Amino acid sequence: MEKFVVHGPCRLEGEVTISGAKNAAVAILPATLLVKGKCHLENVPDISDIRAYCKILESLGSKIEYISKNEMIIDNSEVSSAIASYELTSKFRASYYLLGALIGRFDKVQIGLPGGCKLGARPIDQHIKAFKKLGAKVIVRNGNVYTSKTEPLKGTNIFFDVVSVGSTMNAILAATISEGTTTLENVAKEPHIVDLANFLNSMGAKIKGAGTDTIKITGVSELHQKSSYSIIPDQIETGTFMVAAAATKGNVLIKNCIPKHMEPITAKLIEAGATVEEFESDIRVSMDKRPTSVSVKTMPYPGFPTDMQPQFSLLLTLGDTTGTIIETIWESRFQYTDELNKMGADISAHGTTAVFRGVESLSAAPVKAHDLRAGAAMIIAGLCADGQTEISDIHHILRGYENIIGKFEKLGAKIDYIKTEDDE
Ligand code: EPU
């Protein structure tokens, strides 16, 4: 078994550099399949979801040359298979982008259903609706999604029933190589959607409006290869360090981020009493008092991101009165509050609302990383607590944060990585 042991309490101080965005990279890697040639990608995060994606691409026939841990050239000229097994796809969520990426290039595609963090129901009906509207046949059977088409996909109008990152991305991928114009309405506007559109446009796609409610895609017959594209910095990793700095009453300069993407988090941090200074591509966060208890409601971008609520909850856990979080995206994203209660927090979570009666301090306990962001919250909790907090199930954390121990240790934390013999 792998675990982290966080030695607390610790005040974070110093500088940390943000890696490439996980949720952009996991769409851009499969997007390279739209090109029968090479794509050179930079600022790719070195995380286990990306390693899992590379394995799938290689199983399809991609040749990947690793230039450094964050830079690779993917050559898809020899890709001959459009079949990815459930065993590979079920390891993470973003494997569903293979559908959108392969549907234009192959008449028949078979992709295992995706996995990912357990945050409640994670349907893919909107993805399927988009593929069907574009003219593909879609069947879900025996753990796989099968798509087929007898002629090129045709431009159409798609109105999404819910604002969904994944189905917006998948519809963009599928409509890029098609005939005619596709209009996507009620789409997600997250920074990673804009990054995917920028990447595809840099290879000859015609996508307009990414980052707004309506995206228009004029289909093209092929894309050209890409000499180099650098993935945007990770909004959620940035937010995680911003909150960690504030929760530990520290002072941290977070480098290589996009302050504009951080606005909903910055605003809440200021409301909670932190000082946030923005520079061109850096943000400094400091805090020298007990947090003010605030109310948070998660919303699609540009609202407060659901992927930041477990980490931000530490400010409410340690807040001066009572604060609340309302989760509007995922139906069961409060499992981590039981872990915080083991550490002395006073949180009641019912359905999609959690009430945080602020406590003055936390004390170490054995806790579990229920999912990726909950795991990041456990690290922050461990940094705020007295004693040694043991965090189990850390594979969730390693899926999405590059060199997380190294980065926290550079800020003064002491975190041990322990692998016990039953793993050997
Ligand atoms: N939804 C549907 N039908 C669909 C798709 C989604 O009803 O076909 C619903 C979901 O049940 C949810 C809402 O729409 O209630 C939003 O889901 P969305 O499709 O936006 O989520 P996702 O694409 O599966 C991505 C991120 C998540 C992040 C959400 C919301 C990736 C790989 N994952 O998931 O990130 O929470 O968007 O921002 O991009 C994480 O990084 O830790 C993570 C969980």
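This report walks through one helix, some ring contacts, the cysteines and the charged pairs of a predicted model.

## Helix α8

Start with helix α8, which covers residues 235–247. How far apart are its end C-alpha atoms? They are 18 Å apart. That agrees with the expected span, because 13 residues at 1.5 Å a residue should also give 18 Å. The helix is mostly covered: 13 of its 13 residues are buried.

Now look at the two ends. At the start of α8, D234 points a side-chain oxygen at the backbone nitrogen of I236, reaching to within 2.8 Å. Just after the helix comes K249, with a positive phi of about 55°.

## Aromatic pairs

The model holds 7 aromatic pairs. One of them joins F241 and F408, with ring centres 4.7 Å apart. The planes of these two rings meet at 40°, so the pair is tilted. Where do the two residues lie? F241 belongs to helix α8, while F408 belongs to helix α14, residues 404–410. The pair therefore ties together parts that are 167 residues apart in sequence. F241 has a relative accessible area of 1%, so F241 is buried. F408 is buried too, with a relative accessible area of 1%.

Another aromatic pair is F334 with Y336. Their centres are 6.3 Å apart and their planes are at 50°, a tilted arrangement. Are these residues buried or exposed? Both F334 and Y336 are buried.

## Charges over rings

Two arginines sit over aromatic rings. R122 lies over the face of W330, at 4.5 Å from the ring centre. R141 places its charged end over the ring of Y146, 5.3 Å from the centre of that ring.

## Cysteines without bonds

A disulfide is a covalent bond between the sulfur atoms of two cysteines. How many disulfides does a search of the whole structure find? The count is 0. Take C54, which is in no disulfide. The nearest cysteine sulfur to C54 is that of C39, 13 Å away. C54 is buried, because its relative accessible area is 2%, under the 20% limit.

C384 tells a similar story. Its closest cysteine sulfur is in C10, at 9.2 Å. That is too far for a bond, because a disulfide needs the two sulfur atoms within 2.5 Å. C384 has a relative accessible area of 16%, so C384 counts as buried.

## Salt bridges

Side chains of opposite charge can pair when their charged atoms come close. Across the whole structure, the search finds 18 salt bridges. One of these joins E13 to R11, at 2.7 Å from N to O. E13 is partly exposed, with 46% relative accessibility. R11 is partly exposed as well, at 45%.

K69 and E402 form another salt bridge, and their closest N and O atoms are 2.8 Å apart. This pair links distant parts of the chain, 333 residues apart. K69 is in the loop between β4 and β5, and E402 is in the loop between α13 and α14. Which partner is buried, and which is exposed? K69 is exposed, with a relative accessible area of 53%. E402 is buried, at 8% relative accessibility.

## One more bridge and a network

K189 meets D213 in a salt bridge, with 2.9 Å between the closest N and O atoms. K189 lies in the loop between β11 and α7. D213 lies in the loop between β12 and β13, and the two residues are 24 apart in sequence. Both ends count as partly exposed: K189 at 21% relative accessibility and D213 at 43%.

Salt bridges can also share partners. K22, D49 and R399 are joined into one network in this way.

## A buried threonine

T306 sits in the loop between β18, residues 295–297, and α10, residues 309–317. The relative accessible area of T306 is 10%, so T306 is buried. Which residue does the side chain of T306 contact? The partner is E327, and a polar contact of 3.0 Å joins the two side chains.

Key. Residues are numbered from 1 along each chain as its sequence is written. This is a predicted model: local features need pLDDT of at least 70, side-chain atom pairs count only at pLDDT 80 or more; totals for chains, interfaces and linings use all residues. Side-chain values use heavy atoms; hydrogens and water are left out. Helices (H or I, at least four residues) and strands (E, at least two) are DSSP runs, numbered from the N terminus. The expected span of a helix is 1.5 Å times one less than its number of residues. Buried means under 20% relative accessible area, exposed over 50%, partly exposed in between (1.4 Å probe, protein chains only). A polar contact is a pair of N or O atoms within 3.5 Å; within protein, one must be able to donate a hydrogen and the other to accept it, and residues adjacent in sequence count only if both atoms are side-chain atoms. Rings of Phe, Tyr and Trp (its six-membered ring) pair if their centres lie within 6.5 Å; planes under 30 degrees apart count as stacked, over 60 as edge-to-face and the rest as tilted. A charge sits over a ring if NZ of Lys or CZ of Arg is within 6 Å of the ring centre and within 35 degrees of the ring normal. A salt bridge is a side-chain nitrogen of Lys or Arg within 4 Å of a carboxyl oxygen of Asp or Glu.
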